[in-house]
Amino acid sequence: MWTFTLTLDRTSSQPLYLQLSTQLMDHIRSGQLLCGQQLPSSRKLAERLQVHRKTIVQAYDELLAQGWLESRQGSGTFVTTHFPESKPSLQTSFDPLKTAGFSFESKPFLERPPLLAQGPYHLDDGFPDVRLAPLLDLSRAYRNQLLRSNAYSRLGYNDPMGSGWLREQLSLYLNETRGLHTTAANVLIVRGTMMGFFLTSTAFVKPGDYVALDSMSWSGSTLNLEQTGARMLSVPVDEHGLQVEVLAELCQQYPIRMLYLTSHHHYPTTVALKAERRMKLMSLSRQYGFLIFEDDYDFDFHYEQKPLFPLASVDTSGMVMYCGSFTKTIAPAFRVGYLVGPEDAIRHLSRLRRIIDRQGDMMLENALAQLLEEGLIQRHLRKALRIYKKRRDYFAQALSHELADNIHFQTPEGGLAFWTQFKEGTNLVEVASKALKKGLYFSNGIQHGPLTFPSTRLGFASSNEEELSHCVKILKSCL
């Protein structure tokens, strides 16, 4: 006698026979159907459920093939006798789709909400205007990669280091624009800076190692270091960048393994590291033997004089791992970045990359290589730089005119955002919440940690001048 029910949903997109076979499996697992128990004939069950007999036969055949049922000639269909005996479960509220049956440690530092686009207006963290992205050129190049000859090699497995073509083109591009001295063997293609730093910290930092970071550092760096079990040392930043003399004192106290910094436009304050401090920093790296992870997230966007070359350009001791991406160049959705360093370190990291991400998007990588080779990305950057400089100047004027009594800022020499200090006592969490209700998104600054004044980054590049004007008006109305 059956002590359970079978229900079929005729409005579901799932075939009836699969609904039936799934329910029968669940009843066998729960012990409601016992090992060796006989099932009704296909004809009787079809009559009971008011379905075609073929539906029952198909469900039984599915379970026979998987080993849940067994057929005995002349006797009928039975639950297989090979399963261990199950007792009906008394637990009725447990949902295995929501709660794991095994234990694991939940790490609070990983509980960071994703950064999503919100509202029609935005003063974001410093994102590019994706409307300017060379999407037609990119789609043409991507299509070329999909349709060109030798599909077996083109669409199969490839080098975990990334597209050889892109690595060659990036090497040429970085040598020309940043004063590097690389070959393709010095370049590893990654999904972005987050992946580049994850690989570097996982490969070269052990639990308990000391890692120095510039103060108010990018949250992605601190998340990775907490995951590795590193001990973090904060180095203050002033108007000239990282205070290298403080780092020198820390080197005398701790065996520092690595330094993470954003040397070109410090994140979040946008200030650049002075040339004399750069040279002192490289000297400290050689003296104390710590590697430097140089996150150069927006080198291409500098509006005043010629930008300072990265630390990697003067590295004669093989101590710098240099990382960048196409996030600001094109759009965050295109997850292609590059990690540059000594050949042996790059090979080591490529082996680690292989076990977490077999390879990247080879079609996209080759499409970007084509655009670099044709000079189209370089042309796009020149155009975007002109537009962003104009927007920067407009935004600075609008902030000064409308919000002079409430905020303080220095117009950044480069990058895509302003570091903005609000008047003492301003509740930025409350202001950001009010603004969002009026259609304007900006960060409340909490991720930058406790500060002397309430401060946050206000990105200007992703909005045109009309949109920036609306943003400033909404912000003013919320203060």
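In this predicted model, strands β10 (residues 291-295) and β11 (residues 320-325) run parallel and are joined over 4 bridges. One pair to look for is E294, which sits opposite Y322 in β11. As a general reminder, strands in a sheet pair through backbone hydrogen bonds, in either the parallel or the antiparallel sense.

Zoom out from that pair and you get an open sheet of 7 strands, ordered β4-β12-β11-β10-β9-β5-β6, with mixed pairing. Which strands sit at the edges, pairing on one side only? They are β4 (187-190) and β6 (231-235). Ignoring direction, neighbouring strands in this sheet are turned by 20 degrees against each other on average.

Two helices can be placed against these strands. Helix α6 (residues 164-178) packs on the sheet and touches β4, β11 and β12 (337-340), and its direction makes about 110 degrees with that of β4. Helix α10, for its part, lies across β9, β10 and β11 and runs at about 145 degrees to β10. So if you start from β11, you can find both α6 and α10 among its contacts.

**Backbone oddities**

Now for the loops, where a few backbone angles deserve a look. In general, most residues other than glycine have a negative phi, and most peptide bonds are trans. The loop between β9 (256-261) and α10 (275-288) holds P268, and the peptide bond leading into P268 from Y267 is cis, with omega near 10 degrees. T270 is found in the loop between β9 and α10 too, and T270 has a positive phi of about 75 degrees although it is not a glycine. Is T270 buried or exposed? With 12% relative accessibility, T270 counts as buried, because the cut-off for buried is under 20%.

Q50 is another non-glycine residue with a positive phi, here about 60 degrees. Q50 lies in the loop between α2 (42-49) and α3 (53-66). At 68% relative accessibility Q50 counts as exposed, since exposed means over 50%.

Y267 turns up again in the surroundings of S217. That serine is in the loop between β5 (210-214) and α8 (219-228), and its 12% relative accessibility makes S217 buried. Leaving out residues up to four places away in sequence, S217 touches Y260 and Y267. Y267 is therefore both a contact of S217 and the residue before the cis bond to P268.

**Helix against helix**

Two helix pairs give a picture of how helices meet in this model. Helix α4 (residues 135-147) and helix α12 (residues 362-374) have axes that come within 8 Å and cross at roughly 120 degrees. That angle makes α4 oblique to α12, because the range for roughly perpendicular is 65 to 115 degrees. The crossing of α4 and α12 is right-handed. On the α4 side the contact includes D137, L138, R140 and Y142, and on the α12 side M363, L364, N366 and E374 are among the residues met. By class, the residues of the α4 contact with α12 are 9 nonpolar, 4 polar and 3 charged.

Helix α7 (residues 193-204) and helix α11 (residues 343-356) come within 10 Å, axis to axis, and cross at roughly 105 degrees. Here the angle makes α7 roughly perpendicular to α11. The α7 side of the contact has M195, F198, L199, T200, T202, A203 and F204, and the α11 side has A345, H348, L349, L352, R353 and I356. The contact of α7 with α11 divides into 9 nonpolar, 3 polar and 1 charged residues.

The axis geometry of both pairs, in brief:

| Helix pair | Axes come within | Crossing angle |
|---|---|---|
| α4 (135-147) and α12 (362-374) | 8 Å | roughly 120 degrees |
| α7 (193-204) and α11 (343-356) | 10 Å | roughly 105 degrees |

**Around β14**

Further along the chain, how many residues of strand β14 (residues 417-422) are buried? The count is 5 of its 6 residues, and β14 is mostly covered. β14 is joined to strand β13 (residues 407-409) by 3 bridges, with the two running antiparallel, and F409 has T420 in β14 as its bridge partner. β14 also runs antiparallel to strand β16 (residues 455-459), through 5 bridges. There, the bridge partner of A417 is G459 in β16.

Note on methods
Residues are numbered from 1 along each chain as its sequence is written. This is a predicted model: local features need pLDDT of at least 70, side-chain atom pairs count only at pLDDT 80 or more; totals for chains, interfaces and linings use all residues. Side-chain values use heavy atoms; hydrogens and water are left out. Axes are lines fitted to C-alpha atoms, for helices over the stretch in contact, and angles run from 0 to 180 degrees between N-to-C directions. Angles under 35 degrees count as roughly parallel, over 145 as roughly antiparallel, 65 to 115 as roughly perpendicular and the rest as oblique. A crossing is left-handed if the near helix is turned anticlockwise from the far one by less than a right angle, and right-handed if clockwise. Contact means heavy atoms within 4.5 Å. Ala, Val, Leu, Ile, Met, Phe, Trp, Tyr, Cys and Pro count as nonpolar, Asp, Glu, Lys and Arg as charged, and the others, Gly among them, as polar. Buried means under 20% relative accessible area, exposed over 50%, partly exposed in between (1.4 Å probe, protein chains only). Two strands pair if DSSP finds at least two bridges between them.
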